[in-house]
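This report concerns a predicted model. The sequence and structure are shown first, and the description follows.

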Amino acid sequence: MSNTQTYEHLPIIDMHLHAVGFELFPGATDAPDTPEQYMWDTIDLLERLNIRAVTSGPKDLVRQWHQVAPDRIIPGIMFSRPDEITLGWIEEAFGKGDLAVLGEITTQLEGIPPDDPSLEPIFSLAERLDIPVGFHVGL
């Protein structure tokens with residue numbers, strides 16, 4: 001098999017995709033014209049390359065992307081402090097299919113280590129519901 005051969009039918013799982021607000025592109029010369037175009041361009045790429053992506057970002061954007069491409073978007077939630085989400089929201093969102101992964105968790109950005117007791121209720125719920133947990137390991 002040649003190194004130049006393509007693998008277009010093999011699936012890829014991307015563990016780190018952001019559904020982001022359009023404000024992250026100020027002054028970019030190659031930015032899409034609208035937030036919707038950015039979403040569609042990203043989903044088109046996921047389709048063409050056979051990628052399923054764990055997607056985090058603002059709850060409403062992740063939900064929108066997941067509704068548009070449920071076979072490509074694996075909905076997650078990004079948070080830096082345990083008080084940014086509630087156990088009730090996690091349980092409800094997971095039950096409705098609006099959440100499949102607790103991640104990306106970025107508590108280290110707030111000085112909260114992964115073994116901090118404030119995260120234990122979230123981890124206990126994730127264990128009970130069998131929800132994968134994903135930490136962003138960089139700063």
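The text below treats the sheet, the helices that lie against it, and a patch on the surface.

**Sheet**

In this predicted model, three strands form an open sheet in the order E1-E2-E3, and their pairing is parallel. Strand E1 (12-18) and strand E3 (73-75) are the edge strands, since each of them pairs on one side only. From one strand to the next, the twist averages 30°. The pairing of strand E2 (residues 51-56) with E3 is parallel and comprises three bridges. Thr55 stands opposite Pro75, a residue of E3.

**Helices against the sheet**

Helix H1 spans residues 35-49 and lies across E1, E2 and E3. Helix H2, formed by residues 59-68, packs on the sheet and likewise touches E1, E2 and E3. The direction of each helix relative to one strand is listed below.

| Helix | Strands in contact | Reference strand | Angle |
|---|---|---|---|
| H1 | E1, E2 and E3 | E1 | about 165° |
| H2 | E1, E2 and E3 | E3 | about 140° |

**Nonpolar surface patch**

Which residues form the nonpolar patch on the surface? The patch consists of Ile12, Leu45 and Leu49, which together have about 230 Å² of accessible area. Of these residues, Leu45 lies in helix H1, the helix that runs across E1, E2 and E3. Leu45 counts as partly exposed because its relative accessibility is 36%, and the partly exposed class lies between under 20% for buried and over 50% for exposed.

How values were computed
Residues are numbered from 1 along each chain as its sequence is written. This is a predicted model: local features need pLDDT of at least 70, side-chain atom pairs count only at pLDDT 80 or more; totals for chains, interfaces and linings use all residues. Side-chain values use heavy atoms; hydrogens and water are left out. Patches are made of residues with over 30% relative accessible area and no salt bridge: like charges are joined within 9 Å, nonpolar side chains (Val, Leu, Ile, Met, Phe, Trp, Tyr) within 5 Å. Accessible areas come from the Shrake-Rupley method with a 1.4 Å probe; for residues, only the protein chains shown count as cover. A salt bridge is a side-chain nitrogen of Lys or Arg within 4 Å of a carboxyl oxygen of Asp or Glu. Helices (H or I, at least four residues) and strands (E, at least two) are DSSP runs, numbered from the N terminus. Buried means under 20% relative accessible area, exposed over 50%, partly exposed in between (1.4 Å probe, protein chains only). Two strands pair if DSSP finds at least two bridges between them. Axes are lines fitted to C-alpha atoms, for helices over the stretch in contact, and angles run from 0 to 180 degrees between N-to-C directions. Contact means heavy atoms within 4.5 Å.
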